[in-house]
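This report describes the fold and side-chain packing of one protein chain. The sequence and the structure are shown first, and the description follows.

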Amino acid sequence: MESNATASPPPASLHSHAPDRSPSPRGCHLLLHETPLPCTISPNVVHVSQPQFRRGESQLSLKIYVYEPDEINGLEELMRGRDGKISEEACLKGQWGTQVKIHKLLLQSKQRTRKKEEADLFFVPSYVKCARMMGGLNDKEINHTYVKVISQMPYFRLSGGRNHIFVFPSGAGAHLFKSWGSVYKPLHYSYPGGNIDDGMTRTVATVVQPLPLSKRKYLANYLGRAQGKAGRLKLIELAKQFPEKLECPDLKFSGPDKLGRKEYFEHLRNSKFCLAPRGESSWTLRFYESFFVECVPVILSDQIELPFQNVIDYSQISIKWPSSRIGPELLQYLESIPGRNTPLSSTNNTLLAYFSFKSN
């Protein structure tokens with residue numbers, strides 16, 4: 001696989017597929033050096049043109065239209081299930097709570113318009129992950145209903161879907177709408193995001209604080225289930241071979257040994273590197289969570305497309321490693337990267353601004 005940025009050891013590049021074939025870019029070690037270098041942030045904006053400011057105003061002139069559930073046949077099903085029994089309150093929790101939260105934020109936004117003809121963007125509300133988990137819709141029904149809903153949107157057809165926003169939470173992501181790639185190319189924010197009440201996305205003190213490198217017990221960790229995925233199974237076996245380097249506990253999500261959110265982040269912060277293999281989709285929740293404990297994410301998902309790629313220089317803040325090379329070589333590479341201070345501390349506030357939704 002082709003490398004984005006590589007270096008000859010030591011030191012090694014932070015966003016590298018192969019650690020020893022080409023010169024390292026300026027600042028590629030900023031996370032682990034004693035004197036961090038500043039990140040390079042591109043001024044470009046992903047997908048949409050730069051928002052316009054009106055003279056004398058501090059607010060963006062962007063206008064967003066939010067579809068009403070009863071204006072399109074099928075939209076109510078995507079929110080309440082086939083029988084209309086799924087409540088908003090039931091969906092406002094867990095990984096799928098973002099579908100409800102973002103919808104409610106936009107309904108109250110100053111950028112909201114009730115006139116389609118003046119809208120720059122269109123938001124399509126749906127709570128399908130929640131409906132699926134609660135038995136309100138199956139995968140076939142979700143796909144069929146999305147196709148039916150889109151067929152009734154004239155503004156969608158005019159733009160080819162480029163100005164329509166859909167939210168697909170959790171690792172399942174857009175896989176909940178299997179026809180999506182063949183139907184359109186929308187402006188899409190896939191927001192796994194984690195539990196919306198995980199206690200780590202606060203403006204006040206979070207439930208767990210990052211540890212300095214000197215107090216972290218492990219070189220790396222993987223906190224997750226196998227789910228029959230090859231990369232995850234390799235990591236579990238690797239942890240059995242090198243338990244002093246790689247933490248991979250048997251997570252319990254129910255019963256007396258259930259791992260609470262505070263305990264989960266305490267495990268996560270106890271390593272220098274947080275390993276993030278693919279799950280149901282190429283995206284993984286652990287990539288996002290690692291930033292909150294200033295742990296360097298190691299992406300083990302070859303097809304992943306990261307959010308805000310034209311804004312954030314991920315070569316400065318992460319490592320990408322081929323999933324086919326998960327093994328002792330990966331741990332050796334991580335050990336070769338020098339570092340004395342807490343990783344991500346110099347860029348953490350910038351990152352969290354992109355990965356957190358805050359509301360008043």
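## Packing and sheet arrangement

Thr145 has a relative accessibility of 3% and therefore counts as buried, the limit being under 20%. This value, like the others in this report, was computed from a predicted model. Thr145 belongs to helix H5, which spans residues 139-150. Leaving aside residues up to four places away in sequence, Thr145 is in contact with Gly74, Glu77 and Leu78.

Helix H3 (residues 97-107) also contributes buried positions, namely Gly97, Thr98, Gln99, Val100, Ile102, His103 and Leu106. Three helices are packed against by these buried residues of H3: H1 (75-80), H2 (88-91) and H4 (128-133). The strands they pack against are E1 (64-66), E2 (112-113) and E3 (121-123).

Aromatic rings form a further set of contacts, with 13 aromatic pairs counted. Two of these pairs are set out below.

| Ring pair | Distance between centres | Angle between planes | Class |
|---|---|---|---|
| Tyr65 and Phe122 | 6.0 Å | 55 degrees | tilted |
| Tyr146 and Phe166 | 6.1 Å | 65 degrees | edge-to-face |

Tyr65 is located in strand E1 and Phe122 in strand E3, so their pairing ties together parts that are 57 residues apart in sequence. Both Tyr65 and Phe122 are buried. Tyr65 and Phe122 also belong to one aromatic cluster together with Tyr67 and Tyr155.

The second pair in the table likewise links distant parts of the chain, 20 residues apart. Tyr146 is in helix H5, whereas Phe166 is in the loop between strand E4 (164-165) and helix H7 (180-183). Both Tyr146 and Phe166 are buried. Another ring, that of Trp321, has the charged end of Arg325 sitting over it, 4.6 Å from the ring centre.

Elsewhere in the chain, five strands make up an open sheet with parallel pairing, in the order E6-E5-E7-E8-E9. Strands E6 (246-247) and E9 (319-320) are at the edges and have a single partner strand each, so one side of each lacks a neighbour in the sheet. Within the sheet, strand E7 (residues 271-277) runs parallel to strand E8 (residues 296-300), and five bridges join them. Phe273 has Val296 in E8 as its bridge partner.

Helix H11 (residues 328-335) lies across four strands, E5 (218-221), E7, E8 and E9. The helix runs at about 130 degrees to E5.

Definitions and conventions
Residues are numbered from 1 along each chain as its sequence is written. This is a predicted model: local features need pLDDT of at least 70, side-chain atom pairs count only at pLDDT 80 or more; totals for chains, interfaces and linings use all residues. Side-chain values use heavy atoms; hydrogens and water are left out. Two strands pair if DSSP finds at least two bridges between them. Helices (H or I, at least four residues) and strands (E, at least two) are DSSP runs, numbered from the N terminus. Contact means heavy atoms within 4.5 Å. Axes are lines fitted to C-alpha atoms, for helices over the stretch in contact, and angles run from 0 to 180 degrees between N-to-C directions. Buried means under 20% relative accessible area, exposed over 50%, partly exposed in between (1.4 Å probe, protein chains only). Rings of Phe, Tyr and Trp (its six-membered ring) pair if their centres lie within 6.5 Å; planes under 30 degrees apart count as stacked, over 60 as edge-to-face and the rest as tilted. A charge sits over a ring if NZ of Lys or CZ of Arg is within 6 Å of the ring centre and within 35 degrees of the ring normal.
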